[in-house]
Amino acid sequence: MNMWLNFLIDSLAFGATFMYGSTGEILTEKAGHLNLGIPGIMCMGGAGGCLVLNAIGKSGLPGFLIVILGVLGALALSMLCGLIYSFLTVTLRANQNVTGLALTTFGGGLMKVIMSKMDATVYLVGPKMLYRWPFAGRQDSLQCLGVLFFLAVIVALAASWVLFRTKVGLHLRAVGENPATADAVGINVTKYKYAATCIGSGIAGLGGFYYIIDYMASQEAYLSLEAFGWLSIALVIFALWRPHLTIIGSTVFGFLFSASSFITNISWIRVTMATKPILQMLPYVVTILVLVVTSVRNKRENQPPQSLGLPYFREER
Amino acid sequence: MEKQLALQLRGITKRFGRVVANNHVDLDVNRGEILAILGENGCGKTTLMNMIAGIYFPDEGHIYVDGQEVVIRSPKDAFDHRIGMIHQHFKLVDLFTAAENIVLGVHEEGRYNLKEVNQRVTEIAGKYGFHIDPRKKIYDMSVSEKQTVEIIKVLYRGADILILDEPTAVLTPQEIDKLFDVLRRMRADGKSIIIITHKLHEVLDVSDRVAILRRGEHIATVNTAETNESQLTEMMVGEKVSLDIERNDPVDAAPRLEVMHLNLHNAEGLHVLRDVTFTANGGEILGIAGIAGSGQRELLEAIAGLQPQMEGDVIFHNPKKDKPVTFFHKSMKRVRELGAQGMFHDQNMKPVSFDGMSTAEIRKWVESGNVLFKEDEIIDLRDKTPLEIRQLGVRLSFVPEDRLGMGLVGSMGITDNMMLRSYRKGPAGFLDRKKPRELAEEIIRELKVNTPGVNSPVRRLSGGNVQKVLVGREIAFTPKVLMAAYPVRGLDINSSYTIYHLLNKQKESGVAVIFVGEDLDVLLALSDRILVMNSGAVTGIVDARHATKEEIGLLMTKTDRARKEEA
């Protein structure tokens with residue numbers, strides 16, 4: 001049964017990409033903003049981190065510092081994207097879908113330009129071992145998991161705790177449900193929207209960084225990143241807007257998505273190049289199923305935030 | 001006990017553009033009293049209260065709390081001065097529990113602990129005699145429970161001055177009694193309560209003093225014990241203002257629309273129309289008066305087929321006897337049906353039968369004008385959708401109060417908006433744009449609509465021009481019944497007169513005009529008869545030529561209970 005365990009651990013490691021992405025997206029959506037720019041933001045996070053690593057990769061700095069600086073680089077660029085998105089949608093009240101899609105196209109393209117200009121041997125070789133602490137060097141499958149994976153789990157749990165157990169979370173959810181009410185009781189709606197979007201973008205950006213330099217750790221990794229941004233957005237629905245459920249959801253998604261490569265190892269199922277994409281769409285099929293089930297059950301707690309996608313401005317009568 | 005001043009307003013003035021909503025209002029509120037603010041729609045009650053609660057900022061004047069001058073710029077400032085307002089439209093997060101809503105935005109020391117909040121909520125509720133489960137979600141609550149949450153929300157923040165904006169409008173009589181008990185307990189506890197209402201009986205029932213506002217001005221504050229309904233009504237409606245609106249006597253008024261025993265419950269289960277019965281005559285303007293939200297909108301929507309849950313009958317009389325049948329408002333299918341029922345005869349009074357005739361032959365015969373109706377058509381509009389009503393050949397026009405929501409599509413041009421009425425005409429699948437465009441141009445010309453062109457979005461037009469486009473379209477449909485809800489709301493004097501003129505012209509051409517208005521002077525000057533609604537029921541139909549404002553004012557404001565007690 002070792003094969004199954006290996007497969008589970010691999011799914012977990014792969015899933016951390018979406019765990020970051022959808023935790024970030026949930027924070028943004030809880031503030032009432034549907035950020036379709038997440039794929040682009042994840043790309044920019046990856047690019048930001050790699051830019052830093054490219055600059056310091058051969059400088060001989062201590063390992064933990066390289067890790068932290070890489071993370072900071074990823075955070076910086078993705079939060080900048082979040083700031084652009086917030087400025088456009090919160091302050092200028094631009095259409096959220098259009099802004100998000102523009103950001104995705106922009107981020108995905110710009111990342112490809114940046115990444116193609118960099119030397120993968122500099123930003124990849126050193127860090128991979130560093131990020132895999134404390135399991136680096138092990139021979140079993142546990143060596144897939146490292147600090148960034150555990151950080152993803154911690155961030156998802158912490159996000160749930162903040163959202164559902166603290167006053168800040170209560171206020172944030174009120175902003176996403178009914179901003180006029182939040183405004184009337186003296187909550188600074190704009191501040192909450194900016195903060196949630198920027199922090200959410202930063203978290204999502206870490207997902208992109210994690211995918212490129214840790215999980216895949218290959219020169220071509222960046223080419224496939226954008227698709228996982230979309231998967232992260234689908235995962236938000238699957239997780240019913242609860243960050244802690246993204247841990248389970250991302251594992252399921254990781255499992256389903258890599259099922260195609262796994263199944264090729266099983267002799268009695270024939271998988272060809274043509275059937276592989278069909279298997280890869282399983283996560284989306286599951287998302288649709290979840291949507292159908294939650295819509296039929298129609299429980300208010302499992303619905304998206306009530307004012308999701310609607311711009312808010314104090315009405316002047 | 002010595003009266004202690006809690007709140008003083010001095011010279012408060014608020015303008016919205018050119019409109020003066022409040023003009024140098026002075027008001028005193030004592031500790032431990034219930035002050036009622038009484039006034040007609042749009043007299044500036046809510047605006048005044050919003051300035052105390054920090055929603056608006058006054059243009060002029062001073063506010064004193066406990067003798068100290070204060071500046072209130074936001075609801076938070078108001079709370080800091082221990083003032084809280086319970087709005088007519090609740091501001092609650094549906095998904096949260098009562099306690100979560102109550103604690104929202106409260107800045108307290110210490111950790112966020114819902115258990116403690118729940119306990120405090122229960123304490124406050126117990127103190128004033130509320131019944132509430134702090135763990136219940138708002139979406140599971142009735143209107144009255146939601147109101148309770150709003151009141152506790154204000155008390156939780158330590159408010160000593162509570163403002164309630166028409167708290168009884170949404171409650172049942174039993175719930176109103178309970179609310180008043182709670183208010184009396186709060187008064188005994190030393191709180192100051194300001195309650196906005198226009199139900200006279202409630203004012204007399206619960207308040208200690210009454211302040212009357214009229215057209216933004218403070219008319220008087222009287223002790224409730226020393227006044228009565230007719231004195232209050234007189235102060236509320238004021239002297240009759242004579243308006244120079246033309247009004248001809250109705251010519252051959254005949255019943256056109258009979259509404260019988262109409263009952264309707266809204267989504268919240270409230271009884272919004274109670275046994276409404278009346279007749280609208282052709283060639284006459286029937287005014288509908290009432291406090292906002294007395295069921296006027298629901299009544300018009302029920303007639304127009306937009307309230308499918310209604311009970312009762314709406315009978316339409318089409319004066320068609322001996323008039324030729326046309327395809328203008330009837331389909332071939334309908335003409336065949338009516339023919340089969342023997343509804344038609346020809347010029348020689350011989351019954352018409354379409355048996356064995358082809359569609360082309362029938363069309364030719366009908367279009368020659370020789371097929372006549374035998375009797376007036378009588379059609380029951382009950383359980384009909386707007387489309388079905390139109391297909392039955394009932395020419396019913398509706399100018400809704402929400403012009404850019406229900407009446408027109410704001411982002412489309414005038415031509416496209418005309419097509420909302422005619423998109424079914426023309427060859428299948430294609431639109432006829434020529435006629436709507438001509439109609440649009442005609443409306444612009446005839447009604448002097450100020451617009452850059454027929455295709456510029458109607459949303460960009462001023463309120464008066466939007467209304468001209470909407471009324472123009474509905475009139476172009478040559479209605480037999482024209483219903484207009486608040487057609488002059490927000491319009492300047494000139495546009496208002498244009499609309500009055502249009503309504504009068506419709507009346508002269510034999511249309512039954514139903515005009516829902518809020519200004520009693522206009523209703524009295526324009527209508528032939530006035531139907532007064534109160535809490536969803538018809539409290540009277542009066543002759544507009546002889547009725548007085550006080551008479552209508554009393555019919556509008558008396559509650560059920562007051563009427564029953566008199567009877």
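This is a short tour of a predicted model, stop by stop, with something to select at each one.

Before you click, note that residues count from 1 along each chain as its sequence is written, while chains are lettered from A and ligands numbered from 1 in the order in which they are written. Because this is a predicted model, local features need pLDDT of at least 70 and side-chain atom pairs count only at pLDDT 80 or more, whereas totals for chains, interfaces and linings use all residues.

**Stop 1: chain B as a whole**

Select chain B and zoom out. Its C-alpha trace spans about 90 × 55 × 50 Å along the principal axes. Turn on the cartoon and you'll be looking at 20 helices and 22 strands; these are DSSP runs numbered from the N terminus, with helices being H or I of at least four residues and strands E of at least two. Of the 567 residues in chain B, 43% are buried, meaning that 20 or more other C-beta atoms lie within 10 Å of the residue's own (12 or fewer is exposed, in between is partly exposed, and C-beta atoms are placed from the backbone).

Now colour chain B by domain: domain 1 is 5-237, domain 2 is 254-319 + 380-395 + 483-492 + 511-567, and domain 3 is 321-375. Those bounds come from an automatic or database domain assignment. Between the C-alpha centres of domain 1 and domain 3 of chain B there are 64 Å.

**Stop 2: the largest nonpolar core**

Select Ile152(B), Met483(B) and Phe515(B), the residues with the most contacts inside the largest nonpolar core, which has 230 residues. Such a core is a set of buried Ala, Val, Leu, Ile, Met, Phe, Trp, Tyr and Cys residues joined through C-beta atoms within 7 Å. Helix α9(A) gives the most to this core, 14 residues. Domains 1 and 2 of chain B both give residues to it too, so the core lies between them.

**Stop 3: helices around α9 of chain A**

Select residues 189-216 of chain A, which is α9, and add α3, residues 63-91. Their axes come within 7 Å and cross at roughly 140°; axes are lines fitted to C-alpha atoms, for helices over the stretch in contact, with angles from 0 to 180 degrees between N-to-C directions. The pair is therefore oblique, since under 35 degrees is roughly parallel, over 145 roughly antiparallel, 65 to 115 roughly perpendicular and the rest oblique. The contact residues divide into 14 nonpolar, ten polar and one charged. Here Ala, Val, Leu, Ile, Met, Phe, Trp, Tyr, Cys and Pro count as nonpolar, Asp, Glu, Lys and Arg as charged, and the others, Gly among them, as polar.

Next add α2(A), residues 38-56: its axis and that of α9(A) come within 7 Å and cross at roughly 60°. That makes α2(A) oblique to α9(A).

**Stop 4: a tryptophan in a loop**

Where is Trp133(A)? Look in the loop between α5 (120-131) and α6 (147-165) of chain A. Trp133(A) has 16 C-beta neighbours inside 10 Å, so it counts as partly exposed.

**Stop 5: two positive phi angles**

Most residues other than glycine have a negative phi. Select Thr478(B), where phi is near 40°, in the loop between α16 (463-476) and β19 (481-485) of chain B. Then go to Tyr486(B), with a positive phi of about 40°, in the loop between β19 and α17 (493-508) of chain B. Buried or partly exposed? Thr478(B) is partly exposed, with 14 C-beta neighbours inside 10 Å, whereas Tyr486(B) has 22 and counts as buried.
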